[in-house]
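Q: Please give me a close look at one part of this protein. Keep the sentences short, and finish with how far the whole model can be read.

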Amino acid sequence: MRHRSSSTAPSTSPPHHPHHYSMDLQAPDFTSLLSDELLLQVFSKLPTSQCLTNSLVCKRWLLLHGRLVRDLRLVDWSFLNSGRIFHRFPNLADLDIVRACIRKSRNSGIVVSHKSLCVSVDAEFSDSLFVGGNDVLSPDLVDYGLEMIAENYPSIRRIAAIGASENGLVTIASKCETIQEMELHCCGDMSLKGISTCKNLQVLKLVGCVNGFYRSMVSDIGLTILAQRCRRLVKLELCGCEGSYDGVKAIGQCCEMLEELTLNDHRMDSGWLSALSFCGNLKTLRLRSCKSIDSNPGLEEHLGCCFALEELYLEQCQMREKQGVKALFGVCASVRELVFQDCWGLEDDVFDLASVCRRVKLLSLEGCSLLTTAGFEAVIDKWKELERLKVISCNKIKDAEVTPALASLFSDLKELKWRPDTRSLLLSSLEGTGVGNKGARFFRGLKS
């Protein structure tokens, strides 16, 4: 009777509503049982594409994700000025604040980009420069941001900034002893004194002038200061920088560890090429978007030679001045790898000047539309050590014009990538010539 009465007793709980959900039904968070260190190990194994999604799960995962981020490109100056960046990303080793230092409306639908730099432009834009003098934060504000970075990231290894003065760079150099790489935009000659105390600086990129974006001056004065203060440089890139024989000579004499030099759209005075011979350990030379190599390199016997040079890259360069091109190949006569990409004016007689480089083992031609099969064959026939060849989008080099002698040369190569045009059918046109009998990797990359 008691059992029956208790089972039939009316319930005091409120009636169940079909749209009523109890919080007791929520699944427990088992990740709360795991330590931060263990979760960090799990997150570090995940693909990069999933990191952002995982950071949105909860506040804890958001903070843990921030601890894994090592490099960041900042676009909002207030995120740095307020200090939120240091709480959100406490372990940054690579920080780029160039975009954040440019005052531009982000609501504009017009975006102009130049390599890694993107700038929003208003519809009322009328200035000759996309980034005018008033569009960049004042040097005081930039220096203040660099001071905050130096205090919160003493172990940072790379930083990119624009419009910094000597004071801000001194703070970075003195407090961030482990910094190894810097990228400086709109940096004048005197501000380069600020990096004089960077004991471990090995990679430096100076951007002086970018056509249509901004202008600043880096001349022989700045190059000399740089050479005397940063003697441990291994890689140096000069973009839109002015200078002459004296500045390049100072770099070659003082920076004895320099192995890679890049000149992008250089504004060097005539005769600078002969100073390259002072770079005794230079292994790689890159020329990009240069309107002129050297308009007046001087006497050939005064040029010298970079005996340690192994790689020469010419990308989107103007090569119609034969005197400068001839001087360049004379200085770089010992190269092992020679790369041409979208170079203007590379005709047969200009390419023939490269015959002086007798030790070439790798030749890459891409976008060289003026070079013919005969001019191409006349040069590579002189290179007895050639092992690898790459020919792409060179429309005047025809399969039908490949001679038996050239086909025989192909058979000795270790690697060949041959696509001079979209209709190239070298594999069938060379049938029966014995091509591929000697080269172990001849057919790799042959088919288009």
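A: Buried means under 20% relative accessible area, exposed over 50%, and partly exposed in between (1.4 Å probe, protein chains only). By that rule Asp342, at 29% relative accessibility, counts as partly exposed.

Some ground rules come next. This is a predicted model, in which local features need pLDDT of at least 70, side-chain atom pairs count only at pLDDT 80 or more, and totals for chains, interfaces and linings use all residues. Residues are numbered from 1 along each chain as its sequence is written, and side-chain values use heavy atoms, with hydrogens and water left out. pLDDT is the predictor's confidence in each residue, from 0 to 100.

Start with Asp342. Its place is the loop between S14 and H12. Helices (H or I, at least four residues) and strands (E, at least two) are DSSP runs, numbered from the N terminus. Asp342 is not a glycine, yet its phi is positive, at about 50°. Most residues other than glycine have a negative phi.

Now look at the elements on either side of that loop. Phe340 and Phe351 form an edge-to-face aromatic pair, 5.9 Å centre to centre with 75° between the planes. Phe340 belongs to strand S14 (residues 337-341) and Phe351 to helix H12 (residues 348-351), so the pair ties together parts that are eleven residues apart in sequence. Rings of Phe, Tyr and Trp (its six-membered ring) pair if their centres lie within 6.5 Å; planes under 30 degrees apart count as stacked, over 60 as edge-to-face and the rest as tilted. Both Phe340 and Phe351 are buried. The structure holds eight aromatic pairs.

The two rings have company. Phe329 and Trp383 join Phe340 and Phe351 in one aromatic cluster.

Phe329 leads to helix H11 (residues 322-331). Phe329 is one of the buried residues of H11, together with Gly324, Val325, Ala327, Leu328 and Val331. These buried residues pack against strand S12 (284-288), strand S13 (311-315), S14 and H12. Contact here means heavy atoms within 4.5 Å. Both elements that carry the Phe340 and Phe351 pair are thus on the list of H11's packing partners.

Next, the link into H11. Gln316 lies in the loop between S13 and H11. Like Asp342, Gln316 has a positive phi: near 55°, in a residue other than glycine. Gln316 counts as partly exposed, at 37% relative accessibility.

One side-chain arrangement involves a charge. The charged end of Arg286 sits over the ring of Tyr313, 4.2 Å from its centre. The rule is NZ of Lys or CZ of Arg within 6 Å of the ring centre and within 35 degrees of the ring normal.

Now step back to the whole protein. It has 15 helices and 17 strands. Buried residues make up 47% of its 448 residues. Among contacts with a separation of 6 or more, 67% come from residues 24 or more positions apart.

Last, confidence. The protein averages a pLDDT of 82, and 80% of the residues score at least 70. Over residues 1-24, pLDDT stays under 50, and the model has zero contacts for them beyond four places in sequence. Residues 434-448 also stay under 50, but there the model has 35 contacts beyond four places in sequence.
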